[in-house]
Amino acid sequence: MSALRVRRFEPADADRIRELHETAMRDVGAYVADVPDEDLETVTETYFESGGEFLVGEREGRIVAMGAFRPVDGTDFVAQVLPDLPESTVELTRMRVDPGYQRRGYGRRVATELERRARERGATQIVLDTRPTQTAARGLYETLGYEEAARERIEGFGEPFELVFYRKSILDGE
């Protein structure tokens, strides 16, 4: 594993994270142009002001990985799919690694650091969703201890697609 510097998002990173998101999602055939990415336009408000976190991973001064979490509330789609979530649940989201830098452990580094920070803030459970076709992402989550909790068909953004929902307890000692 080469040197990856994981740090908190800064406003100057905004263009690169949007580019990284689109590049990584297109690479796995999961980019949906009509899905709004408002959270990537308002990282400070969406993540930091809600008690969440947004991290980037840099290699040689270039952002090559990213990921975030935010608290889940009852209006979130994931809370509708998994209605039994404790109030101390956060959603892991925007996990992306530049296709040219994958399979180097960068996604694992970002996810592990996000879990650590979520635990420090009192989170006891993390949930996430991904597409069934994103086999590398699913493999990463499963090796990190996430368990499939549900599948849901999504309509309304052009072609219908399926999401796989995962959950993981992050209580100390588990």
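**Aromatic pairs and the packing of helix 1**

Tyr-141 is buried, its relative accessible area coming to just 7%. The cut-off for that label is under 20% relative accessible area, and Tyr-146, at 3%, counts as buried too. All of this comes from a predicted model.

Tyrosines 141 and 146 are a handy way into the aromatic side of the structure, which holds 6 aromatic pairs in total. Another of the pairs is Phe-9 with Phe-54: the ring centres sit 5.6 Å apart with the planes at 65°, so this one is edge-to-face. Phe-9 belongs to the loop between strand 1 (5-8) and helix 1, while Phe-54 belongs to strand 2, so the pair ties together parts that are 45 residues apart in sequence. Both of these phenylalanines are buried. Back with the tyrosines, the rings of Tyr-141 and Tyr-146 have centres 5.9 Å apart and planes at 65°, so they also make an edge-to-face pair.

Phe-9 and Phe-54 have further aromatic company, since together with Tyr-47 and Phe-48 they form one aromatic cluster. A charged side chain turns up here as well: Arg-8 lies over the face of Phe-48, 3.7 Å from the ring centre.

Next comes helix 1, which runs over residues 14-27. Its 14 residues reach 20 Å from the first C-alpha to the last, close to the 20 Å expected at 1.5 Å a residue. Which of its residues are buried? They are Ala-14, Arg-16, Ile-17, Leu-20, His-21, Ala-24 and Met-25. Looking down the helix axis, these buried residues fall within an arc of 160°, so they line one face of helix 1. On the other side, Asp-15 and Arg-26 are exposed.

As for what covers the buried residues of helix 1, the list includes helix 2 (38-41) and helix 3 (43-48), along with strand 2 (53-59), strand 3 (62-71) and strand 4 (89-97). Strand 2 is thus part of the cover over helix 1 and also the home of Phe-54. Just after helix 1, Gly-29 takes a positive phi of about 70°.

Helix 3, another part of that cover, is where Glu-45 is found. Unlike the buried tyrosines, Glu-45 counts as partly exposed, at 46% relative accessibility. Between the C-alpha atoms of Glu-45 and Leu-85 there are 23 Å, with the two residues 40 apart along the chain.

Terms used
Residues are numbered from 1 along each chain as its sequence is written. This is a predicted model: local features need pLDDT of at least 70, side-chain atom pairs count only at pLDDT 80 or more; totals for chains, interfaces and linings use all residues. Side-chain values use heavy atoms; hydrogens and water are left out. Helices (H or I, at least four residues) and strands (E, at least two) are DSSP runs, numbered from the N terminus. The expected span of a helix is 1.5 Å times one less than its number of residues. Buried means under 20% relative accessible area, exposed over 50%, partly exposed in between (1.4 Å probe, protein chains only). The arc is that of the directions from the helix axis to the C-beta atoms. Contact means heavy atoms within 4.5 Å. Rings of Phe, Tyr and Trp (its six-membered ring) pair if their centres lie within 6.5 Å; planes under 30 degrees apart count as stacked, over 60 as edge-to-face and the rest as tilted. A charge sits over a ring if NZ of Lys or CZ of Arg is within 6 Å of the ring centre and within 35 degrees of the ring normal.
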